[in-house]
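User: Please take a close look at one part of this model: the sheet and the helices packed around it. Short sentences are fine.

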Amino acid sequence: MKLTVLGATGGIGQEIVRQALGAGHQVTAVVWDPARLAVTGAGLEVFRTDLTDARALRPAVAGRDAVLSGLGARRRKDAGVAARLTRTVLGAMEAEQTRRLLVVSASPVGPAGTEDGLVDRAMRGMISSLLKDVYADLREMEAALAASATDWTAVRPPRLQDKPVTGSYRTVVGGFPARGRFIGRADVAHAMLAMTHDPATVKQGVGVAY
């Protein structure tokens, strides 16, 4: 497949690039600072832009089978970046008639696991309160996706860890795995690549966790 990866220098973004190249895909990595991209390999194109101009982004998404985004606020003070930049991406994709888009959201944006206990609900409430601006940004991003013409998927992980890819995790379309508290960034990337050609995830939020 021909894939474009946004936020390609972030933890999840670099894993998407690495795993996609390893699977033999052609990858366009969209970055602001190419020096921060630690991944190399045959089939990789590096495209430099700051993602504020939909017209400038159009060549990076034209003719692609899918666009995968790791964009989002890394710190609370960056809240707002996910919705703002995703609107730019949507503008570029709709102009080029590129339809498939997968983004990283977060578990508190969607429904809780149906079997969560008191501890899980308390943790969810505490995190949602501490990072309310970040999650408001992600909800706004998901609303923009829902209003778009794209075949979008919002992947909603819980707390992220830095650990090697396992390929062993749970996913729930339209919900969240019961008592799912953690997942590695590499496995989020793995899940996003697997969902790229899964029609059941189109226009859905998908919870993913160990």
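Analyst:

**The sheet and its helices**

Helix α3 (residues 81-96) lies across three strands, β1 (2-6), β4 and β5. Relative to β5, α3 runs at about 170 degrees. Keep in mind that this is a predicted model.

Now the sheet itself. It is open and has eight strands. Their order is β3-β2-β1-β4-β5-β6-β10-β8. The pairing is mixed. At the edges sit β3 (44-48) and β8 (170-173), each pairing on one side only. From one strand to the next, the twist averages 20 degrees. In general, strands of a sheet pair through backbone hydrogen bonds, either parallel or antiparallel.

Next, the pairings from β4 to β10, taken in order.

- β4 with β5: strand β4 (residues 66-69) and strand β5 (residues 100-104) are parallel and share three bridges. Here Val67 stands opposite Leu101 in β5.
- β5 with β6: these strands also run parallel, joined by five bridges. Arg100 has Asp151 in β6 as its bridge partner.
- β6 with β10: four bridges link β6 to strand β10 (residues 204-209), again in the parallel sense. Ala154 has Gly205 in β10 as its bridge partner.

Strand β6 spans residues 151-156. In the sheet order, β6 sits between β5 and β10. It is mostly covered, with five of its six residues buried. Buried here means under 20% relative accessible area.

Now a helix pair. Helix α1 (residues 11-22) packs with helix α6 (residues 185-195). The angle is about 55 degrees, and the axes are 8 Å apart. That angle makes α1 oblique to α6, because it falls outside the ranges for roughly parallel (under 35 degrees), roughly perpendicular (65 to 115) and roughly antiparallel (over 145). The crossing of the two helices is right-handed.

Which residues meet there? On the α1 side they are Gly11, Ile12, Glu15, Ile16, Gln19 and Ala20. On the α6 side they are Arg185, Ala186, Val188, Ala189, His190, Met192 and Leu193. By class, this contact has eight nonpolar residues, three polar and two charged.

To recap: α3 lies across β1, β4 and β5. The pairing runs parallel from β4 to β5, from β5 to β6 and from β6 to β10. Helices α1 and α6 cross obliquely, with right-handed sense.

Notes: Residues numbered from 1 in each chain as written. Predicted model: local features only at pLDDT ≥ 70, side-chain atom pairs only at ≥ 80, totals over all residues. Heavy atoms only, no water. Axes fitted to C-alpha atoms, helices over the stretch in contact; angles between N-to-C directions. Left-handed = near helix turned anticlockwise from the far one by under 90°. Contact = heavy atoms within 4.5 Å. Nonpolar A, V, L, I, M, F, W, Y, C, P; charged D, E, K, R; others polar. Pairing = 2+ DSSP bridges. Buried < 20%, exposed > 50% of the residue type's maximum accessible area, 1.4 Å probe, protein only.
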